[in-house]
Amino acid sequence: MSTFALIDGNNFYVSCERVFNPKLIGKPVVVLSNNDGCAVARSQEAKALGIKMAVPWFQMQSLAEKHGIIALSSNYALYADMSNRMMTMLGEFSSNQEIYSIDECFLNMGGLNKDLTAYGQEIRRRVKRWIGLPVCVGIGPTKTLAKLANHIAKKQPRWQGVCDLGQLSEFALNDLLAQIEVGEVWGVGRRIQERLVSMGISTVLALKQADAAFLGRCFSIMTQRIVMELRGVSSLRLEHVTPARKQILCSRSFGTPVTQLVELQQAITSYITRAAEKLRNQSSLSGAVHIYIRTNPHRQNDAQYNQGITVTLMESSCNTLRLVQAGLWGLRRIYRPGYRYIKAGVILMDLMPAGMRQGALFVDHIKNEDAAALMQTVDLINRKMGKDSVFLAGAGIEKNWHMQRRNKSPSYTTEWKELVEAHAN
């Protein structure tokens, strides 16, 4: 019989910040999105004050002043590094691991001759002791039940951070599922939840007991599998290798409105550089580059302009220089002067594995090999010496358009100059 565990970091972004700044512990903290716009993470204390996800920071000002809410800018480099450390450690608890998101992973516990609740507590203790992050563990015979068990472990203190649904009798399990809204099930989004409720299926237990084949016809085969998973029939396998992305997006809102073409060119060059790094990391090639620029629709007194263009490459590539050349060609065709642009973005499309490259007749393949060696060298230097140690001059030096992050914490684990200093008393 299969058994899965879902380990999830509690309030992950906030917890990462607290590891290096213990003064934040016990205080209401929110982490803001790009340009310090909306709440993307909240501490438990902030949630208790009624702060919802994605609420704009300006709408929290009065509440923040009243309750001393601390707002931090997103520090994605820190969060990604802490995630890598946590996932590496969790991989030691099982030979079969699926990293599901930056703060979640599944472990296959099948065949382990252990008390899984005690094993889950050991996972929590080690992650907390070695990395400083609090986690909860959900255990179940299917991935869907493990995910649900993790939700229960977080919401109900009596489980002490570890919930193993496999230990419960059928009666006890059904009694527990009857208390949980159907929207808490993994894969049941808001729209599906609304339709299910209209059909009289408002709890997890009701979904479990529903006609799986009928729901499959009403929704999709995935909904049918979810019902079977709730019944303990494993229908979702563990993904040992994260599937390659089908598109790679990089977009940002500017810190201040941009009006000049040269600034847009710098931003597009910077975004393509970042997207190309991700493309090479997953060993893929891109056959087309989509560029878009837009003004701020909330400034009704400003002239509005939104436009995008897709540029197809003669030969699929992961060469930053070639992708930037295509992107800037497209940008020059959609740019219009006289507008205050607030956002630009890049999407690398038509992705394919690098090993399936199909050569073009009029392409210099020797230059392709030289370009691949150059990109490999640039990536190696940036990994070893730090982000943007080597970058295209076209990305700009000053970058006045760069997004605002007024309250960003130091890069404690990824920049030598920002390492935490310990002083003896």
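Let's start at one residue and work outwards: serine 284 lies in strand E10, which covers residues 284-295. Keep in mind as you look around that this is a predicted model. Is serine 284 buried or exposed? With a relative accessible area of 5%, serine 284 counts as buried, because the cut-off for buried is under 20%. Its side chain has a polar partner, too: the side chain of serine 284 makes a polar contact with the side chain of glutamine 282, at 2.9 Å.

Now zoom out to the whole chain. Strand E10 takes its place in a fold with 14 helices and 13 strands. The radius of gyration is 24 Å, close to the 22 Å that the globule rule gives for 425 residues, so the chain is as compact as a globular protein of that length. If you picture a box drawn along the principal axes, the C-alpha atoms fill roughly 65 × 60 × 50 Å.

What about the inside of the chain? Of its 425 residues, 46% are buried, and serine 284 is one of the buried residues. The contacts also reach across the sequence: among those between residues at least 6 apart, 67% join residues at least 24 apart.

Finally, turn to the surface and the charges. The accessible surface of the chain comes to about 22,700 Å², and carbon and sulfur atoms account for 52% of that area. How many positive and negative side chains does the chain have? There are 51 positive and 35 negative ones, and the centres of the two sets lie 3 Å apart.

Methods: Residues numbered from 1 in each chain as written. Predicted model: local features only at pLDDT ≥ 70, side-chain atom pairs only at ≥ 80, totals over all residues. Heavy atoms only, no water. Helix = DSSP H or I, 4+ residues; strand = E, 2+ residues; numbered from the N terminus. Rg over C-alpha atoms; globule rule 2.2 N^0.38 Å. Buried < 20%, exposed > 50% of the residue type's maximum accessible area, 1.4 Å probe, protein only. Contact = heavy atoms within 4.5 Å. Areas by Shrake-Rupley, 256 points an atom, 1.4 Å probe, with all protein chains shown as cover. Lys, Arg positive; Asp, Glu negative; His and termini not counted. Charge placed at Lys NZ, Arg CZ, Asp CG, Glu CD. Polar contact = N/O pair within 3.5 Å; in protein donor to acceptor, adjacent residues only side chain to side chain.
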